[in-house]
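Morning, everyone. Please pull up the structure on your screens, and I will walk you through a few places in it.

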Amino acid sequence: MTIPELYSIFKNCSGVTTDSRKIRGGELFFALKGENFDGNAYAVKALENGADSAVIDRNSDIAKEIRTLDTGLAARLIPVDNTLKTLQDLARWHRSMTFVNGKPIPVIGLTGTNGKTTTKELIKTVLSVKYNVTATEGNLNNSIGVPLSLLKINRESEIAVIEMGASHPGDIKELVSVCLPNFGLITNVGKAHLLGFGSFEGVKKAKGELYDYIQRTADKAFINADNPVLCKMAEERPDLQLIPYGLYYQGAEILPSDESHPYLRILLKNEGLEIDTHLIGSYNTDNIMAALAVGQYFGVTHAEAAKAIESYIPSNNRSQMVRSGKNTLIIDAYNANPSSMDAAISNFESIKTSQKVLMLGDMLELGEDSVTEHVKILEKVKEVNADAAFFVGEEFWKAASAVYDRVPDLNEAQTEKIICSSTVLKDGNGHETGFFLTSTDLASYLSEHPLKNSTVLIKGSRGTRMETVLENL
C-alpha cells in the first residue's frame with residue numbers, strides 16, 4: 001500500500017494510536033515493535049476493540065496468519081515493510097498536505113539540551129492568543145512521538161510547534177526529515193546524554209542538525225543572541241537566516257525575587273512592561289524570551305504575550321513551586337544534566353529564605369564523565385551553605401566517596417554490608433549531608449526525620465524518581 005492510499009484511510013479515521021488499550025473507536029492502529037513489546041501481537045485485539053484499521057509488519061506472525069482470520073478482520077489489517085517508518089512517512093505526508101491560507105502549515109521545530117518542553121509550552125501559550133495551535137503533547141519528542149504529534153494537526157490547526165529530543169547523533173536529522181520545519185529554535189546546548197553523543201562537541205553537532213536543515217531549506221531560525229555557543233554554531237553556517245532574541249540583546253532585566261515575589265519576573269525596559277510569571281528560576285528567562293520572539297514574529301504583541309505568559313502555570317514537576325503546609329518545595333524533578341543542575345543550584349542559592357535543603361538525584365547517561373560531573377555538583381552544593389543536602393543514586397555516591405572521607409566506597413559498602421542504602425554525615429553546626437541509593441531510601445529517612453519550615457529544591461534525572469519524596473515533605 002502506498003502512503004497516499006494509507007492517507008486516504010487515515011483521513012477517515014478518528015485518529016492514530018500505538019496503544020491497543022486506548023482504543024475509543026475508529027482509530028488507525030500502528031503495531032510498533034520495541035525491545036520489550038510487539039504491537040503486532042495486539043493488532044487483532046485493537047480491531048476488536050473498535051480500531052478502524054491496523055498497520056502491521058509484513059513479517060510478523062499475524063501477517064502470516066491473515067488468510068486464517070475472519071474476512072472482515074483480515075481486510076482491516078495493512079501489512080507494511082516497517083511500521084515505524086510508515087508512521088513517519090504518513091506524518092510527513094500529512095504535514096505536507098495541510099495548508100493554511102493556501103500555504104503549507106507553518107511548523108516550528110524546537111530542540112535543545114534544557115528547557116525544550118517549557119519553551120514549547122510557553123510558545124504554544126503565546127501563539128494561542130491569535131492562532132489555533134497544535135503542539136507536542138508532554139514530551140512526546142522522539143521518533144514515535146514526533147509523527148504522532150504531527151498527525152494531530154487537524155482542519156482547525158493554523159500553526160504547529162513540534163518538540164524534538166535527541167540522545168544519539170542523527171536523531172534530529174531523522175526528526176526534521178519527518179516534521180519539515182519552516183522555523184527552527186535550539187534552546188541551548190549543554191552536557192547531556194554524553195553516553196550517546198560521546199562528548200560536548202558531539203552534542204553541538206547533533207543539535208546543530210536542526211540548523212543544518214533550516215540552512216538547506218533557506219528558512220529561519222530563532223536564536224538566543226546572548227548564548228555564545230549558539231552564536232558560534234550559527235557563524236559556522238553563514239547562510240543561516242536568523243531571528244535574534246535575548247534578555248541582554250533586548251535590553252531587558254530580571255527583577256529581584258523575595259518572599260512576596262518568589263517567581264521569576266522580567267522587565268522589558270524599552271516598553272516599561274513587567275512580566276510576572278509562575279515559573280521558578282532565572283534559568284527560565286531564555287525560555288520566556290524565546291516565546292516573546294516567536295510570538296512577535298507571528299504578530300502577537302509583547303503586551304499580549306506577557307499576559308499569556310503570566311497565565312501559564314507549570315506542571316509535571318517542571319519549575320514548580322508548591323507550598324505543602326510544612327515546607328516550600330521547588331520541584332524541578334523531571335530531568336537533570338550538569339548544566340541544568342548547575343543552573344538550578346545557582347538559582348536556589350539566590351533565594352532569600354531562612355532554611356534551605358537540597359535533594360538532588362543522579363544525572364544519568366553521562367558515560368565516562370559521570371563521576372567528574374557529579375563531583376562538581378557536590379563541590380558547588382558546599383558553596384550554598386544549606387542546612388541539609390541529600391543526594392540520591394549510585395553516581396552521587398561514587399562521587400561522594402572521592403570527596404568525603406567518611407563516605408565508604410559503594411562496592412565495599414554493598415559487599416561488606418557496612419551500610420544498606422544510606423549514610424548521613426553531620427558537621428559541627430548540625431548541618432546534614434546524606435547519600436541514599438534510591439529516592440525510596442530518602443523518603444524513608446524523611447519519614448523518620450521530618451522536615452518543617454524549609455525551602456526545598458528537588459531535582460534529578462527522570463530515572464531517580466525524585467517525586468517519590470514529595471509525600472514526606
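**Pockets, cysteines and helix faces**

Let me start with a lining: around the second largest pocket sit 8 nonpolar, 5 polar and 3 charged residues. Keep in mind that this is a predicted model. So every value you hear from me is computed from predicted coordinates.

Stay with that pocket. The second largest pocket holds about 410 Å³ of space. Its lining has 16 residues. Which of them lie nearest its centre? They are F10, H94, L151, I153 and N154. Now look at where the lining comes from. Helix α1, residues 3-11, and strand β1, residues 15-17, each give at least two residues to it. The largest share is from α1, with 3 residues.

Next, the closed space. How many cavities of 30 Å³ or more are there? The count is 1. The largest cavity has about 30 Å³ of space. Click on T119, L185, T187, Y245, D286, N287 and A290, and you have its lining. By class, that lining is 3 nonpolar, 3 polar and 1 charged. Which helix supplies the largest share of it? Helix α12, residues 285-297, with 3 residues.

Here is the general idea behind both searches. Roll a probe the size of a water molecule over the atoms, and you see where empty space is left.

Now cysteines. How many disulfides does a search of the whole structure find? The result is 0. Two cysteines are worth a click. Is C179 buried or exposed? C179 is buried, because its relative accessible area is 0%. C231 is partly exposed, because its value is 23%. You will find C231 in helix α11, residues 228-235. Leaving out residues up to four places away in sequence, C231 touches I223, N224 and A225. One distance to go with that: the C-alpha atoms of C231 and P244 are 9.7 Å apart, and the two residues are 13 apart along the chain.

C179 takes us to helix α8, residues 171-179. The buried residues in α8 are D171, I172, L175, V176, V178 and C179. Why do they share one side of α8? Because they cover an arc of only 155° around the axis. What do these buried residues pack against? Two strands, β7 (107-111) and β9 (159-163), are in the list. So are the helices α5 (83-96), α7 (145-150) and α10 (200-217). Step just past the end of α8, and L180 has a positive phi of about 45°.

On to helix α13, residues 302-311. Here H302, A305, A306, A308 and I309 are buried. Down the axis of α13, these buried residues fall within an arc of 165°, so they line one face of the helix. Now turn α13 around. The face away from the buried side carries K307 and S311, which are exposed. What covers the buried residues of α13? The cover includes α6 (116-127), β14 (265-268), β15 (273-276) and α12. You met α12 a moment ago, in the lining of the largest cavity.

One more helix. In α18, residues 439-448, the buried set is S439, L442, A443, Y445 and L446. Their arc is only 160° around the axis, so they are on the same side of α18.

Last topic: backbone. Two residues other than glycine have a positive phi and are worth a look. N101 has phi near 55°. Where does N101 lie? In the loop between β5 (99-100) and β6 (103-104). N101 counts as exposed because its relative accessibility is 78%, and the cut-off for exposed is over 50%. The other is A218, with phi near 60°. A218 lies in the loop between α10 and β11 (220-224). You heard α10 named before, against the buried residues of α8. A218 has 49% relative accessibility, so it counts as partly exposed.

To recap. The second largest pocket has about 410 Å³. The largest cavity has about 30 Å³. The disulfide count is 0. The buried residues of α13 line one face of that helix. Over to you.

Note on methods
Residues are numbered from 1 along each chain as its sequence is written. This is a predicted model: local features need pLDDT of at least 70, side-chain atom pairs count only at pLDDT 80 or more; totals for chains, interfaces and linings use all residues. Side-chain values use heavy atoms; hydrogens and water are left out. A disulfide is a pair of cysteine sulfur atoms within 2.5 Å. Buried means under 20% relative accessible area, exposed over 50%, partly exposed in between (1.4 Å probe, protein chains only). On a 1 Å grid over the protein atoms alone, a cavity is a set of points where a 1.4 Å probe fits but cannot get out, and a pocket is an open set with protein on both sides within 12 Å along at least five of seven lines; lining residues have an atom within 4 Å of a point. Grid points are joined across faces, edges and corners, and a volume is the space filled by probe spheres set on the points. Helices (H or I, at least four residues) and strands (E, at least two) are DSSP runs, numbered from the N terminus. Ala, Val, Leu, Ile, Met, Phe, Trp, Tyr, Cys and Pro count as nonpolar, Asp, Glu, Lys and Arg as charged, and the others, Gly among them, as polar. Contact means heavy atoms within 4.5 Å. The arc is that of the directions from the helix axis to the C-beta atoms.
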